[in-house]
Amino acid sequence: MLKVMVKAPAKINLSLDVLHKREDGYHEVEMIMTTIDLADRLELTLLNKNEIKIISHNRFVPDDQRNLAYQAAHLLKERFQVQKGVAITIEKTIPVAAGLAGGSSDAAATLRGLNKLWELGLSMDELAEIGSEIGSDVSFCVYGGTALAKGRGEVIKELPAPPTCWVILAKPFIGVSTADVYRRLDVNQVHHPNTGGMIEAIHNGSYAGVCHNLGNVLEDVTLQMHPEVAQIKDQMKRFGADAVLMSGSGPTVFGLVHHDSRMHRIYNGLRGFCDQVFAVRMLGERHKLD
Ligand SMILES: C[C@](O)(CO)[C@H](O)COP(=O)(O)OP(=O)(O)OC[C@H]1O[C@@H](n2ccc(N)nc2=O)[C@H](O)[C@@H]1O
Ligand SMILES: Nc1ncnc2c1ncn2[C@@H]1O[C@H](COP(=O)(O)OP(=O)(O)OP(=O)(O)O)[C@@H](O)[C@H]1O
């Protein structure tokens, strides 16, 4: 095999709770994540020369060892003493530093793709374990679908598909540093979301239950730093979203709606006011991604 194409879908957090700060500086989390139909595309080409090359035409995406896809390839190479190389072309669609795990998903897609290209024969669980060394969201991104993530995000328990609806994403003209948001979080001041309630709603296929139980403890932190995120939330609600939440550490906000007409109203209402707006579906349950 000389070339592999892989898709790297974005995620949203339907709920995100922080239990406490750990000794290692990370936070113990409970998150419900789901992949959405908004994806980067990666082309992995086998190189006979022993090197890792990143080709990205996006000025916000590094093309050296800072790129998470590079780090994924490097880790596999070291771990399994691979004597081949790869050129990784990243066609970026997921907004950068947006709370949508774009970089993490590129890393996960690189792990899945190189497993084929370099004929490593690793299982998904092995890839997820390696991914956790690159970033907390990478393990989830290896599997995709819908899951409860615990630990610092790398302990994954599969969930069924949430009920079908539209997800409208709106990203303001700012980027947010995840480390910065976690640093400013006061774990004693958080209003915990009902993770159990969200899991039950997903199991019961209850759209109302999913809407009711959306919650993210990082939202208040980012909202305080960037009031425009609160404005976008208000606008989405005014245009008729059934429920609205910030994803991850932000600043992207997503709204859920059932009806096509309402989706169009919100989409058109927010365009022009935000940097980027998308209307997508959730991908649902875990399936073979590539
Ligand atoms: C906000 C989320 O995206 C929600 O899905 C994740 O919790 C963050 O995942 P990520 O971007 O893959 O995070 P990493 O690259 O592992 O960590 C970035 C920084 O966020 C902080 N961090 C991250 C995850 C975690 N459970 N506790 C933390 O305190 C740490 O300061 C870390 O240095
Ligand atoms: N493949 C990549 N795509 C995008 N950004 C990357 C990539 N590799 C490294 N980066 C760096 O990582 C930073 C964060 O980007 P990313 O888009 O992954 O954030 P995010 O969506 O907020 O992630 P998360 O939701 O996992 O916290 C960027 O500012 C960029 O410099």
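Which helix gives the largest share of the shell around ligand 2? H2 does, with 4 residues; the legends below take the views in turn.

This is a predicted model, in which local features need pLDDT of at least 70, side-chain atom pairs count only at pLDDT 80 or more, and totals for chains, interfaces and linings use all residues. Residues are numbered from 1 along each chain as its sequence is written, while chains are lettered from A and ligands numbered from 1 in the order in which they are written.

**View 1. The two domains and their contact.** The chain is divided into domain 1 (3-159) and domain 2 (166-281), with bounds that come from an automatic or database domain assignment. Taken over C-alpha atoms, the domain centres are 23 Å apart. Domain 1 brings 25 residues to the contact and domain 2 brings 33 (two residues are in contact if their C-beta atoms, placed from the backbone, lie within 7 Å). On the side of domain 1 that touches domain 2, at least two residues come from each of strand E1 (3-21), strand E2 (27-47) and strand E5 (146-150). E1 gives the most to this side, 9 residues. Helices (H or I, at least four residues) and strands (E, at least two) are DSSP runs, numbered from the N terminus. By class, this side of domain 1 has 15 nonpolar, 6 polar and 4 charged residues. Here Ala, Val, Leu, Ile, Met, Phe, Trp, Tyr, Cys and Pro count as nonpolar, Asp, Glu, Lys and Arg as charged, and the others, Gly among them, as polar.

**View 2. Strand E2 and its partners.** E2 pairs with E1 in the antiparallel sense over 16 bridges (strands pair if DSSP finds at least two bridges between them). Ala8 stands opposite Asp40 in E2. The hairpin of E1 and E2 has 5 residues between the strands, and in this hairpin Gly25 takes a positive phi near 95 degrees. E2 also pairs with E5, in the antiparallel sense over 4 bridges; Met33 has Ala147 in E5 as its bridge partner. With strand E4 (residues 85-91), E2 forms an antiparallel pairing over 7 bridges, where Thr45 is matched by its bridge partner Ala87 in E4.

**View 3. The surroundings of ligand 1.** Around ligand 1 there are 18 residues, of which Gly135, Ser136, Asp137, Arg152 and Gly248 come nearest (a residue is near a molecule if its C-beta atom, placed from the backbone, lies within 6 Å of it). E1, E2 and helix H5 (178-184) each supply at least two residues of this shell. The shell holds 7 nonpolar, 9 polar and 2 charged residues. Ligand 1 lies between domain 1 and domain 2 because both give residues to its shell.

**View 4. The surroundings of ligand 2.** Of the 21 residues around ligand 2, those that come nearest are Leu68, Ala101, Gly102, Gly103 and Asp106. Helix H1 (68-80) and helix H2 (102-117) each supply at least two residues of the shell. Its residues divide into 10 nonpolar, 8 polar and 3 charged. At least three residues of the shell are drawn from each of domain 1 and domain 2.

**View 5. Helices H1 and H2.** The axes of H1 and H2 come within 7 Å and cross at roughly 35 degrees. Axes are lines fitted to C-alpha atoms, for helices over the stretch in contact, and angles run from 0 to 180 degrees between N-to-C directions. Residues in the contact include Leu68, Ala72 and Leu76 of H1 and Gly103, Ala107 and Leu111 of H2. The contact has 8 nonpolar, 4 polar and 1 charged residues.
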